[in-house]
Amino acid sequence: MHWVNWLVVIVYLAWVIGDSLHRSMGSKDIEGYFLANRSLPWWAVGLSVMATQLSAVTLIGTTGQGATDGLRFVQFYFGLPVAMVILGVTIVPFLHKAKVYTAYEYLERRFNPATRSLTSLLFLLSRGMSCGTIIAAPAVVFSAVLGWSLWWSVAIIGVPTVLYTVVGGVQAVTWADVKQMFVIVGSLLAIVVVLVMRLPVPLDDALHLAGAAGRLQVFDFSWDLSKTYTFWSGMLGGTFLMLSYFGTDQSQVQRYLAARSVDEARSSLLMSAYWKIPLQALVLLVGVLVFLFYSFEKPPLLWNPAHDKAARAAAGAEFAQFDARYDVAVATRREFAAAASVYRARGQEAATAAATQKFVAADLEVNAIRAEALGRTGEIVKAPTRDVNYIIPRFVIDFLPIGLAGLFLAAVLAAAMSSIAAELNSLATASVIDFYRRWFKREASDAHYLTAGKVATALWGVFACVVATYAATLGSLIEVVNRFGSFFYGSILGVFMLAMIPRARGIGAFVGLLAGMGSVAAVTFGAPQISFLWHNVIGAVVVVAVGMFLSVVIPDSKQAAAA
Amino acid sequence: MSSPNVRTTLVRVLLIQIITLAALWYVQTRYGA
């Protein structure tokens, strides 16, 4: 990469780290370190909530998904505004008024220590591992595209993040998130402008091509439970998923617990309700525009350069044949894309339709050849070959003007760092508040817990970097942990729903949680065709049903003793 | 910056949701196959 791009990245890192550390000088006690003394303005918390959710995978994976699959993924977020409104009137005031550090702490007050410890432990297990994968996903892409070693890629993402999170706590995390959101959105908008300017045909004509190739299909109203992204899975399953994520996951709850008041906490969540769907549509639109860009340029057969090299070294002749067929299909696609635009300008509707049809057929042929080549590559490298995550980085390196490529790299770093920082900060909070202070050292000075918080953040940071470095070899283990995580997301939401029902009791919440997790596991293995978005609905409903049944049937031990 | 009134915010959420979905619907129907 050109030195100007590196300069942009270095300026970004210096700005984020320097300013975060400067702003965090006031964190002298545990409440300041974990909750910024509940003093942050709603707009900073709102941007922090959005930055936490937007990870590097969103920037490089979702844009790639936009290029290959179009806009339909945006349906996944349709339930988010609904969830934010529900949370604003339910969990947010409960947690904020309870003056807790963690969401799980509230469950002990409402139910019992066992429910608190179990939910917090489940959070630590799943988030501890996922933090590693959040670093690993962009690190693997960086190392393949830029030729860095994986260790170096993990270090450039992980070290600055751990540094400012350990030193500055939630103040540093939040103010870094604010800056990171501006970098991310700014770079996305800049890429859109460059892409539109570089299209050789008018934008309107290009969008007709994207539409014909299915890339602008947004809504799917079918009631098919096996389809992941439909209007209904987004509206219903998505609402439950977002309720679980924003309402019960400490990495998000801690953002709005740091707000000045209940009203400000609500407003911060509603910022996502306003902007998440438009932002996600923008991310996917970048992908669609990249697809259009490559409809007039020759895209590589395999986007992952490391796999490309390995496959050609092992089966050169076979890949030469793939190349020959691919070149013909790509040239045909380009020819008819340009022809459709010429006919459209002349007002020749029949000719436009015919050229568009041939463009779509050529696009299908391009995809079919790529699928074949990827299948063969999989046999050679004996690893997953899905290369969607490499599309945008390759485009950025090969075609973006000097400076803008650096800005995009800074944006990917920003997206990764904002998610990792929030997770490290919340993992440390849950470790110290729900376990260390609760079970091991109940009475100690504030300074002692502050040091414990910093040590816990550093340890989780080192753990995440180690997991990320060995992500390739730990692949199946991480998958198991992620799968395990999906068993309890909806179930924990069910426990919080129970907490808001006055008749619900501790025994119901604890056994209900186990029953909810068990039922999601049963559905996952017994009916794997059901999309994961429905798992959260199932988990939450089972917990509430079992929890309420037990709360009513089993006599309250305190009442029984009094009688 | 002061926190906006919650009811005003809810009306805004609804409006922006409708506008966004309408824009996406427009894109799909104008350019869709």
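How many residues does the contact take from chain A, and how many from chain B?

## Contact between the chains

In this predicted model, the contact takes 26 residues from chain A and 18 residues from chain B. On the chain A side, four helices each supply at least two of the touching residues: α3 (42-53), α5 (80-89), α10 (203-212) and α13 (262-295). The most comes from α13(A), with ten residues. Sorted by class, the side of chain A that touches chain B holds 18 nonpolar, five polar and three charged residues.

For the complex, the predictor gives an ipTM of 0.86 and a pTM of 0.88.

## Confidence

Chain A has an average pLDDT of 89, and 95% of its residues score at least 70. Chain B averages 80, with 79% of the residues at 70 or above.

Within chain A, the mean pLDDT varies by element. Helix α15 (residues 316-346) has the highest value, 95, and helix α23 (residues 557-562) the lowest, 52. Where pLDDT is low, the predicted coordinates should not be read in detail.

## Chain A as a whole

Chain A contains 23 helices and zero strands. Its C-alpha atoms fill a box of roughly 85 × 50 × 45 Å along the principal axes. The radius of gyration is 25 Å, which agrees with the value near 24 Å for a compact globule of 563 residues.

Buried residues make up 56% of the 563 residues in chain A. Many of the contacts join residues far apart in sequence: among contacts between residues at least 6 apart, 85% join residues at least 24 apart.

## Chain B as a whole

Chain B has one helix and zero strands. Of its 33 residues, 18% are buried.

## Two helices that pack together

Helix α21 (residues 506-526) and helix α22 (residues 535-553) of chain A pack at an angle of about 145°. Their axes are 7 Å apart, and α21(A) passes α22(A) in a right-handed crossing. By class, the contact of α21(A) with α22(A) has 14 nonpolar, nine polar and no charged residues.

## Residues in helices α8 and α15

Is Thr133(A) buried or exposed? Thr133(A) lies in helix α8 (residues 113-146) of chain A. There are 20 other C-beta atoms within 10 Å of Thr133(A), so the residue counts as buried, the cut-off being 20 or more. In sequence, Thr133(A) and Ala471(A) are 338 residues apart, yet their C-alpha atoms are 6.9 Å apart in space. Ala114(A) is also placed in helix α8 of chain A. With 15 C-beta neighbours inside 10 Å, Ala114(A) is partly exposed. Ala114(A) and Phe76(A) are 38 residues apart along the chain, and 34 Å separates their C-alpha atoms.

Val330(A) belongs to helix α15 of chain A. Val330(A) is buried because 21 other C-beta atoms lie within 10 Å. Which residues does Val330(A) contact, leaving aside its neighbours within four places in sequence? They are Lys298(A), Pro299(A) and Val366(A). Ala206(A) is 124 residues from Val330(A) in sequence, and the C-alpha atoms of the two are 16 Å apart.

## Positive phi in two loops

Most residues other than glycine have a negative phi. Asn37(A) has a positive phi near 55° and is not a glycine. Asn37(A) sits in the loop between α2 (30-35) and α3 of chain A. Asn37(A) counts as partly exposed because it has 17 C-beta neighbours inside 10 Å.

Lys99(A), also not a glycine, has a positive phi of about 55°. The place of Lys99(A) is the loop between α6 (91-97) and α7 (103-110) of chain A. Is Lys99(A) buried or exposed? Lys99(A) has 12 other C-beta atoms within 10 Å; the cut-off for exposed is 12 or fewer, so Lys99(A) is exposed.

Key. Residues numbered from 1 in each chain as written. Chains lettered and ligands numbered in written order. Predicted model: local features only at pLDDT ≥ 70, side-chain atom pairs only at ≥ 80, totals over all residues. Contact = placed C-beta atoms within 7 Å. Nonpolar A, V, L, I, M, F, W, Y, C, P; charged D, E, K, R; others polar. Axes fitted to C-alpha atoms, helices over the stretch in contact; angles between N-to-C directions. Left-handed = near helix turned anticlockwise from the far one by under 90°. Rg over C-alpha atoms; globule rule 2.2 N^0.38 Å. pLDDT = per-residue confidence, 0-100.
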